[in-house]
Amino acid sequence: MPINKDVEVTKVKLPQYQSMKIVIYGKDSCSYCKRAVELAKQLKSQGHGDYEYFDIVEAGIDAAALGELVGKPVRTVPQIFVEGEPIGGYTELVTLTSIL
């Protein structure tokens with residue numbers, strides 16, 4: 001999936017996201033999912049909010065259901081939401097956190 005940092009970052013209002021709720025949909029076999037969880041743990045330890053992780057295999061969430069949550073078809077995980085807004089995957093989370 002191509003990364004459009006301008007679009008993703010312009011959705012963010014910094015004061016609103018300095019204490020953010022991150023929701024990550026992924027699976028245990030995914031290295032980018034693991035990295036996203038580790039980054040979310042770091043953010044939590046630094047006082048930037050909290051996170052929740054859903055293993056899509058354990059939760060029985062298929063690609064169609066995940067696409068409905070995101071608002072478009074998805075083929076990859078992780079799918080990450082910040083304050084209820086889908087931001088993309090791990091790379092977009094890194095981009096967002098780099099401006100905190």
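## Exercises around strand 1

Strand 1 and strand 3 (residues 79–82) run antiparallel and are joined by 4 bridges. Before we start: this is a predicted model, in which local features need pLDDT of at least 70, side-chain atom pairs count only at pLDDT 80 or more, and totals for chains, interfaces and linings use all residues. Residues are numbered from 1 along each chain as its sequence is written, and side-chain values use heavy atoms, leaving out hydrogens and water.

**Exercise 1.** Find the bridge partners of Ile24 in strand 3 and of Val23 in strand 2.

*Solution.*
- Recall the terms: strands (E, at least two residues) and helices (H or I, at least four) are DSSP runs, numbered from the N terminus. Two strands pair if DSSP finds at least two bridges between them.
- In strand 3, Ile24 has Ile80 as its bridge partner.
- Strand 2 (residues 49–55) pairs with strand 1 in the parallel sense over 7 bridges, and there Val23 is partnered by Glu52.

**Exercise 2.** Is strand 1 mostly covered or uncovered, and which core residues touch the most other members?

*Solution.*
- Buried means under 20% relative accessible area, exposed over 50%, partly exposed in between (1.4 Å probe, protein chains only).
- In strand 1 (residues 20–26), 6 of the 7 residues are buried, so the strand is mostly covered.
- A nonpolar core is a set of buried Ala, Val, Leu, Ile, Met, Phe, Trp, Tyr and Cys residues joined through side-chain atoms within 4.5 Å.
- The largest one has 13 residues; Met20, Ile22, Ile24, Ile80, Val82, Ile87 and Leu93 touch the most other members.
- Helix 3 gives the largest share of this core, 5 residues.
- Val23 belongs to a second, separate core of 11 residues, which also includes Cys33, Leu66 and Val77.
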